[in-house]
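Here's a quick walk through one protein model, looking at a space inside it and at how some of its helices pack. Have the structure open as you read.

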Amino acid sequence: MSKNEEIQKIPIQQDIWDMVEFVGHIFKDAVETGASDIHIEPLEHFLLIRYRIDGDFFLKNKIHRENISAIITRLKVIAKVKIDENKKPQDGKIVYYYEENKENIDVRFSTFPTKFWEKIVMRILRQNDSLTNLSALGLIDVNVAKVELALKSTYGIMLVAGPTGSGKSTTLFGVLKNFDPLELNISTLEDPIEYNIDFVNQSQVRPDIGYSFADGLRTLLRQDPDVIMVWEIRDKITATLAVEAALTGHLVLSTIHTNSAAATIQRLINMDVEPFLLSSALKMVISQRLWKRLCQDCKAQYPITDYEKRKVEHFLTPILEKQDLENLVFYKWGWCEKCHGTWYKWRLGIHEVLIVEEYLEPMILEKATANEMAKAAIDHGMITIVQDALLKASLGETTVEEALKLI
């Protein structure tokens, strides 16, 4: 059944007797179903409510158009944004109290004007104490060792790279939580502040009033910092300031939108960061994706296809002994009630970790291509993101079919 057919089969809910209770139920249901985002989408004849769960959309409800204004107004009230502003986007924050767990859950709120009223998207942000452990981020042992060694440095810049929705912020906070804020002066520049960390100086940038990442970085350098976390490197000025801060004895952590670890270096060079500064400042790049995690309750061994076998051998022969390669076992789904017939539960981090060592410095100075730097990194032991996914497939954490989508 197509999504359009599925939408047509959902009845339109006509009456909402208690708007406060109705909106509260949306949050409660989203939290209990493991949604990461709630989409409130006004259409011509009804309001569509969708959840994003483990990367995929699930249709939840259709509300009669007469209730659209009341629902949007209620959400704006609790997000503390302007009720009468419907021509421009607005951002806000909601704190939802989940009574079952006695837990406050932060919700990032965003409006977007459309042809039919305003669309609202809300990102659910739950604190996760397990992020104090690097292995909880899904890094394999060899990459955990690389990251732990890099974090012993007292200066330099370390980046988490990937597209939107790849879990960069989760990994960034996982790395940050490995530092003791009572032993160090740790400050962050965020947009928005998503997770609260005790004894860390967290600051919300406000470009609309002239307080940008670049402005914050300049100020932080006068605050005697040890570790600085910059939410995202978006432009030349922020990139240059972050590199200069790293070279003056500070450890700088940040994220960047690129598709691979090597492409991150090229991206910074394209931002006009001086290569001779970058080669000295950059210490590590973690490039990542979020992939579907195989349901552990219904997974079962299966023989991979000839095509899959050829691809597995091609990618894993350089890093595994022949006997180990021959003994690999792979898994597929069994469609059980616990994963609701989707075959997967939650998502899995897939990574490649590039440590900037001496062999890369001349390549950075010569502005080598991303492909050339990637090849050199692989020759020096970097496990690529595809290899990482296939290794996790052999551990029953995902499928070969999913891993090969990274090619």
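## A cavity and three helix pairs

The largest cavity has a volume of about 40 Å³. Keep in mind that this is a predicted model. Searching the whole structure turns up 1 cavity of 30 Å³ or more.

What lines the largest cavity? You'll find M158, L159, V160, L172, V175, L253, M284 and I286 around it. Three elements each give two or more residues to that lining: β8 (156-161), α5 (168-176) and β13 (282-294). Of these, β8 gives the most, with 3 residues. As for chemistry, the lining of the largest cavity has 8 nonpolar residues, with no polar and no charged ones.

Now for the helices. Two packed helices are described by the angle between their axes and the distance between the axes. Here are the pairs with those values.

| Helix pair | Angle between axes | Axis distance |
|---|---|---|
| α6 (residues 213-220) and α7 (residues 236-247) | roughly 20° | within 9 Å |
| α8 (residues 261-270) and α13 (residues 370-379) | about 140° | 8 Å |
| α10 (residues 306-316) and α14 (residues 385-394) | about 120° | 10 Å |

Start with α6 and α7, whose axes cross at roughly 20°. Angles under 35 degrees count as roughly parallel, so α6 is roughly parallel to α7. Their crossing is left-handed. On the α6 side, F213, A214, L217 and R218 do the touching, and they meet I237, T238, L241 and A242 in α7. Sorted by class, this contact of α6 with α7 has 6 nonpolar residues, 1 polar and 1 charged.

Next up are α8 and α13, packed at an angle of about 140°. Why are they called oblique rather than roughly antiparallel? It takes an angle over 145 degrees to count as roughly antiparallel, and α8 and α13 are therefore oblique to each other. The crossing of α8 past α13 is right-handed. From α8, the residues A262, A263, I265 and Q266 meet A370, M373 and A374 of α13. That contact of α8 with α13 divides into 6 nonpolar residues and 1 polar, with no charged ones.

Last come α10 and α14, at an angle of about 120°. The roughly perpendicular range is 65 to 115 degrees, so α10 is oblique to α14. Which hand does the crossing have, left or right? α10 passes α14 in a left-handed crossing. The residues in contact are K311, V312, F315 and L316 of α10, together with V386, Q387, L390 and L391 of α14. By class, the contact of α10 with α14 has 6 nonpolar residues, 1 polar and 1 charged.

Definitions and conventions: Residues are numbered from 1 along each chain as its sequence is written. This is a predicted model: local features need pLDDT of at least 70, side-chain atom pairs count only at pLDDT 80 or more; totals for chains, interfaces and linings use all residues. Side-chain values use heavy atoms; hydrogens and water are left out. Axes are lines fitted to C-alpha atoms, for helices over the stretch in contact, and angles run from 0 to 180 degrees between N-to-C directions. Helices (H or I, at least four residues) and strands (E, at least two) are DSSP runs, numbered from the N terminus. A crossing is left-handed if the near helix is turned anticlockwise from the far one by less than a right angle, and right-handed if clockwise. Contact means heavy atoms within 4.5 Å. Ala, Val, Leu, Ile, Met, Phe, Trp, Tyr, Cys and Pro count as nonpolar, Asp, Glu, Lys and Arg as charged, and the others, Gly among them, as polar. On a 1 Å grid over the protein atoms alone, a cavity is a set of points where a 1.4 Å probe fits but cannot get out, and a pocket is an open set with protein on both sides within 12 Å along at least five of seven lines; lining residues have an atom within 4 Å of a point. Grid points are joined across faces, edges and corners, and a volume is the space filled by probe spheres set on the points.
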